[in-house]
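Student: I keep meeting words like "oblique", "edge strand" and "hairpin", and I never know what earns them. Could we go through one example together?

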Amino acid sequence: MSAVEINDVVKRYGALEVVHGINLSIQPKEFVVLVGPSGCGKSTTLRMVAGLEDISGGTVSIGGRTVNKVAPKDRDVAMVFQNYALYPHLDVAENIAFGLRVRREKKDVVNQAVAEAAHILGLTDYLKRKPADLSGGQRQRVAMGRAIVRKPKVFLFDEPLSNLDAKLRTHMRAEIKLLHRRMEATSIYVTHDQVEAMTLADRIVIMNNGHIEQVGSPMDVFLEPANTFVASFIGSPPMNLIDATISMVDGRPRGVIAGGAGQSLAIPGAFARNTRDGQAVKLGIRPEAMLVNAEASAEAVDCIIDLVEPLGAEALLHGRIDDHPFIAKAETLSAIHDLANVRRLGVDTSRMHVFDTETGRTLKTLA
Ligand SMILES: Nc1ncnc2c1ncn2[C@@H]1O[C@H](COP(=O)(O)OP(=O)(O)OP(=O)(O)O)[C@@H](O)[C@H]1O
């Protein structure tokens, strides 16, 4: 039985429909991340699972029970919010204990649960402090402690790290992952940050405009994006998408880059059989599949580099191929090239993607 089942779920605010009939089955112990740009409906979806928003159509089930009409407190879920939602007048121990006290659990049960959670989260020395005297990361841990002690069927996280600075966010991300390994609790996590999604998720659900674009493991969605939206959302810097037209050369399709002098790249085998002569496509080339050492590549294109951004071991090259902007990634340590003066880049076409321009869908036959 799935832990959470979302069936044809719709959300409307008056006449405005913001979630358009989505389907998702979440397995027990699974860590699922809903990711997408601002306004795509991920928080609304999570809040419908939590019971904080009414469901306009379809059903949500938790542990096999339809919960559409069940009050949030009776759904056996615990939610961790971005703004922590701690009680400022209560100390850490009282904040963690709050849900158990409401349930009128016995005092020694509460004390033991709080001690355990504090130990897991490294809060033992802070139990008597008020939230105002804690760092952002510590406050977020208290919020997680409050969720843990309730031992819910499902943890729901709504952008829990977005108020933290970059370093702390990386640290807390690792903590959440370790916590999940330890507790093995089914978790649904909402973020707009694709790096957070990639690092935390067993499965990523990519949402856009109230629809689900693709569901898969982090590597699946990275290696086999179903469409241009997923391709440009997952991966940093994003995949370059270059307009081209398919042209058959000696019976093999090549993508001729639009609006230029006819430069072209070989369409990889997995995409080739779904192309047709004259078809408008987008060639999807990840920055790391563009190679400074063009002479060593079977396929290459002429380009102009406008800007080199050194990142340390790597540099990002911002440039143009026939007026199409692109970003390439180069290793600075091994490259003997003067990166600003690179005029030709190799393309590892075995790692190239091809999308139909009209539908945006990949031309690869996905399993
Ligand atoms: N109470 C409301 N009334 C009307 N429209 C709403 C309401 N709440 C949310 N929306 C709209 O629903 C859509 C989805 O919102 P939601 O908060 O789920 O997006 P999100 O993907 O979580 O974005 P963000 O990352 O910015 O929170 C948005 O277009 C938003 O404007």
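Here is a chat about the terms that fit this predicted model.

Student: What makes α3 and α4 oblique to each other?

Tutor: Start with the angle. The axes of helix α3 (residues 107-121) and helix α4 (residues 136-148) cross at roughly 135 degrees. Angles over 145 count as roughly antiparallel, 65 to 115 as roughly perpendicular, and under 35 as roughly parallel. The value of roughly 135 degrees fits none of those ranges, so α3 and α4 are called oblique.

Student: And how far apart do the axes of α3 and α4 come, and what is the hand of the crossing?

Tutor: The axes of α3 and α4 come within 9 Å, and the crossing is right-handed.

Student: How do you know that β11 and β14 pair?

Tutor: Count bridges. Two strands pair if there are at least two bridges between them, and 6 bridges join β11 (residues 240-249) to β14 (residues 280-285), so β11 and β14 pair. The two run antiparallel. One of the partnerships is L241 with G284 in β14.

Student: What joins β11 to β12?

Tutor: Again 6 bridges, with β11 and β12 (residues 252-257) running antiparallel. V249 has R252 as its bridge partner in β12. There are 2 residues between β11 and β12, and the two strands form a hairpin. In the turn, D250 has a positive phi of about 55 degrees.

Student: Which strands make up the sheet that holds β11, and in what order?

Tutor: That open sheet has 5 strands in the order β13-β12-β11-β14-β21, with antiparallel pairing. β13 (264-266) and β21 (353-356) are called edge strands: each pairs on one side only. On average, neighbouring strands of this sheet are turned by 40 degrees against each other, direction ignored.

Student: How do you know that β21 belongs next to β14?

Tutor: β14 and β21 pair in the antiparallel sense over 4 bridges, and at least two are needed, so the pair counts. V281 stands opposite D356 in β21.

Student: What about the sheet with β15 in it?

Tutor: Its 3 strands form an open sheet, ordered β15-β20-β16, and the pairing is antiparallel. The edge strands here are β15 (290-291) and β16 (300-302), each pairing on one side only. β15 and β20 (residues 344-347) share 2 bridges. The cut-off is at least two, so β15 and β20 still count as paired. M290 has V347 as its bridge partner in β20.

Student: What makes D76 and P237 worth a look?

Tutor: Most residues other than glycine have a negative phi, and most peptide bonds are trans. D76, in the loop between β5 (65-66) and β6 (77-80), has a positive phi near 60 degrees, and D76 is not a glycine. As for P237, the peptide bond from S236 to P237 is cis, with omega near -10 degrees. P237 lies in the loop between α8 (228-233) and β11.

Student: Which element gives the most to the shell around the ligand?

Tutor: That is α1, with 3 residues. Both β2 (16-26) and α1 (42-50) supply at least two residues of the shell. The residues around the ligand include Y13, G41, K42 and H192.

Student: Why is K42 counted as charged?

Tutor: Lys is in the charged group, so K42 counts there. The shell divides into 4 nonpolar, 7 polar and 1 charged.

Note on methods. Residues numbered from 1 in each chain as written. Predicted model: local features only at pLDDT ≥ 70, side-chain atom pairs only at ≥ 80, totals over all residues. Near = placed C-beta within 6 Å. Axes fitted to C-alpha atoms, helices over the stretch in contact; angles between N-to-C directions. Left-handed = near helix turned anticlockwise from the far one by under 90°.
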